[in-house]
Amino acid sequence: MNKKLLLGDEAVALGALHAGLSGVYAYPGTPSTEITEFIQMHPLAKKRKVHSRWCTNEKTAMEAALGMSFMGKRALVCMKHVGMNVCADPFVNSAMTGVNGGVIVLVADDPSMHSSQDEQDSRFYGKFAMIPTFEPSSQQEAYDMMEAAFDYSEQQCLPVLMRVTTRMAHSRAVVEVKDEARPENEMNYNATAANWVLLPANARRRNDKVTAQQAQLEEDAEKSKYNLPPSQPLQGEGKTPLGIIASGIAYNYVMEVLNTSPWEGLEKVAILKISQYPLPKKLVRQLLESCEKVMVAEEGQPFIEEQVRGVFESQNILGRLTGELPRTGELTPDCVAAALSALGVTSPLATREGLGVSPLVAARPPQLCQGCGHRDVYTALNDVLKEYENPRVFGDIGCYTLGFLPPYKAIHSCVDMGASITMAKGAADAGQWPAVAIIGDSTFTHSGMTGLLDAVNEKANITVIISDNLTTAMTGGQDSAGTNKFEAICLGLGVESEHLHVVVPLPKNMPEITRIIREEINYNGVSVIIPQRECIQTFKRHAKERKQQK
Amino acid sequence: MKTDIILCGVGGQGILSIATIIGEAAMNENLYIKQAEVHGMSQRGGDVQSNLRISSNPIASDLIPKGGADVIISMEPMEALRYLPYLNKEGWVITSNAPFVNIPNYPGMEDIKAELAKLPHVVAIDIEQLAKENQVPRSANVILLGAAQKALGIDYDKLEAAIRRVFARKGDAVVDANVKALAIGREQQG
């Protein structure tokens, strides 16, 4: 054993490598990105030639992982929570096929939406797909769980969903790690086609099997070492005044509060920690029966709380649904302290005050970097669009979403990866003109190409700007799948060559860029303009690397 | 021992390398550490902070509760004020006094100085200027760390040793510059 200071994401990555990982498949997304980056840089991964190149999107990632599993090897898929929506089709069906080599689908949820467009809780996906779900509450547990989850995946012939949240993914702690890594699985031909060919007859058989398997999964969760059964009342007869169900990282906030509580407060409390699902109903029942009231503390949506409450609306089950804890947003030690204090667990945390908020402090929202090419693109676009009565600009996911904010105020929508092109097309179908889509290079290859084919096939009256900075910039500058291929991709999809332009977004080229944008808006059909200039952040990094090499 | 630290600044100012040095020093002492960072969108010129907790006993929460921080180390003076509700009433603020103005409604610097002066324990210094004057232009953040040494409750020698380990692979010149910067910062503590 040796000790390392690791981010939760890095603990996951090292845990996977030490568990005999053969491939990680992922698309960058905060807060999951560092898992794949850690594997890419790790000497063991290099030595073993573990697959770690970025995928085009989460769906291609999930499917490639299934292929590796089919051949008997262990694969990890990583994504942020909204990536689950993109790979939902293969994810849900992976329970029907089952796995041969172990598969872990690691999803990093982002409650409070630090870098995301919604707060969806991936545990619902696990339940919905009938796939066992692990939720570590510490970096150590995250490391340890990876090997356990790969073993369990192979034992149950099902993928395992591993759910972390921002404060786990992006928080460091000291982790004890193994000195030696388990060998990789040998390739094998044990996968039986009758399970993997999801014709209705095969799928029905598998559906019955997986449904029947749920009782076993629940039984395993009852006994899991990651689920700590309720502590018994410390003294006296009768019921414990308060039970707490705490899952994942919420367990830490509960413990932070209890650690600062006076002893007489703790005698009133019994805790059930949950880190493995399906929900262990016997453990929950044991707590409910031994306590007068139970509060559920969980990061994300009220996943456990709803299951425990059922339809009976018990007055004694408390949490986000009853207002003890905030209904939305991530938990903090402060809101957990306030909730527990209201339920009789005194802690200095509930009443302690810091210094007052200074009235001087102004909000400092993120913004496009100085020298960023997207700035020049928006400057040119705004300059042209002021000539039109009601232009609409459909934006997309990436740094350039910040074009919504002053000084540009340039976009009117941002929904999901690739939606700029398809929404512009739908708006044009409705009669809107000018309908402009602005999308980044990595987002275009992730989910924009199919929408562009729809637009080309119908000769939709839209202008598409692929703002190409040669990288996946928002997540820190990962390789972008389509670099140097965008013209060929657009021509291949049927964009007319005379309406496909590559320009360099620099202030000195403004006259040329504005002329092209104006002409193409006025063209009745699909036009694509590709402003192409390296991200200023990766440019600086590359310049530094070149200097160091000299 | 137990020290809860809030590191803050504007995205790109290098608060995480301060955290790395403190983390390295703490790890070498076999202390427990938790360090919650901010990655992603806010790193683009927005406000960023990191909660760093070190303790001789196990630490439960990755986040510091309100009123619990012993020290705020800030690369930017207005950002230091942002986290005051997390500082305990006898806590220290160690901050750069050079404003990073990238918003139109940035408050007046005199007002910020007056606000900082009201705090019970504050060290506000022009780390950029000190870094330039002393020919360590890239080590302004380590000057700030030096100025926080007593407030952190970590021995000076242990911080210096951590710097030597953290920067070792970047060569002697980088190590020397950062060791020098730490010493310059120490002088500023008064």
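1. A:P31 lies in the loop between β2 and α2 (33-41) of chain A. The peptide bond that joins A:T30 to this proline is cis, with omega at about 5°. The structure is a predicted model, and the points below should be read accordingly.

2. A second cis peptide bond in chain A deserves mention beside that of A:P31. A:W433 and A:P434 are joined in the cis form, with an omega of about -5°. The loop that holds A:P434 runs between α19 (419-429) and β14 (435-440) of chain A.

3. One backbone angle in chain A should also be inspected. A:M113 is not a glycine, yet its phi is positive, at about 55°. This residue is found in the loop between β4 and α7 (123-129) of chain A. As background to these first three points, most residues other than glycine have a negative phi, and most peptide bonds are trans.

4. Chain A contains an open sheet of 6 strands with mixed pairing, in the order β2-β3-β4-β6-β5-β10. Its edges are β2 (21-26) and β10 (276-277) of chain A; each has a single partner strand, so one side of each is left without a neighbour in the sheet. Within this sheet, β3 (residues 74-80) and β4 (residues 103-109) of chain A run parallel and are joined by 6 bridges. In that pairing A:V77 stands opposite A:V105 of β4(A).

5. Another open sheet draws on both chains. Its 8 strands follow the order β1(A)-β7(A)-β2(B)-β3(B)-β1(B)-β4(B)-β5(B)-β6(B), and the pairing is mixed. At the edges stand β1 (2-7) of chain A and β6 (121-125) of chain B; since each has a single partner strand, one side of each is left without a neighbour in the sheet. From one strand to the next, the twist averages 20°.

6. Where does this sheet pass from one chain to the other? Strand β7 (residues 171-177) of chain A pairs with β2(B) in the antiparallel sense, over 3 bridges. A:R172 is placed opposite B:Q35 of β2(B).

7. Within chain B, the same sheet includes a parallel pair: strand β1 (residues 2-10) is joined to strand β4 (residues 69-74) by 4 bridges. B:L7 stands opposite B:I73, a residue of β4(B). Helix α5 (residues 140-147) of chain B packs on the sheet and touches β4, β5 and β6 of chain B. The direction of helix α5 makes about 145° with that of β5(B).

8. How many residues does each chain give to the contact? Chain A contributes 48 residues and chain B contributes 49. The area buried between the two chains is about 4200 Å², of which 56% comes from carbon and sulfur atoms.

9. The polar side of the interface can be itemised. Between chain B and chain A there are 4 salt bridges, and 22 residue pairs, both members at pLDDT 80 or more, are in polar contact. On the side of chain B that touches chain A, the elements giving two or more residues are α1 (15-28), β2 (32-36), β3 (47-55), α2 (77-82), β5 (87-96) and α3 (109-117) of chain B. The residues on that side divide into 22 nonpolar, 14 polar and 13 charged.

10. B:E79 and A:R364 form a salt bridge, with their closest N and O atoms 2.6 Å apart. Over all chains, the count of salt bridges comes to 36. Another of these lies within chain A, where the side chains of A:E141 and A:K273 meet at 2.8 Å, N to O. That pair links distant parts of the chain: A:E141 is in helix α8 (residues 139-156), A:K273 is in strand β9 (residues 269-274), and 132 residues separate the two.

Note on methods
Residues numbered from 1 in each chain as written. Chains lettered and ligands numbered in written order. Predicted model: local features only at pLDDT ≥ 70, side-chain atom pairs only at ≥ 80, totals over all residues. Heavy atoms only, no water. Contact = heavy atoms within 4.5 Å. Buried area = accessible area lost by both parts, 1.4 Å probe. Polar contact = N/O pair within 3.5 Å; in protein donor to acceptor, adjacent residues only side chain to side chain. Nonpolar A, V, L, I, M, F, W, Y, C, P; charged D, E, K, R; others polar. Pairing = 2+ DSSP bridges. Axes fitted to C-alpha atoms, helices over the stretch in contact; angles between N-to-C directions.
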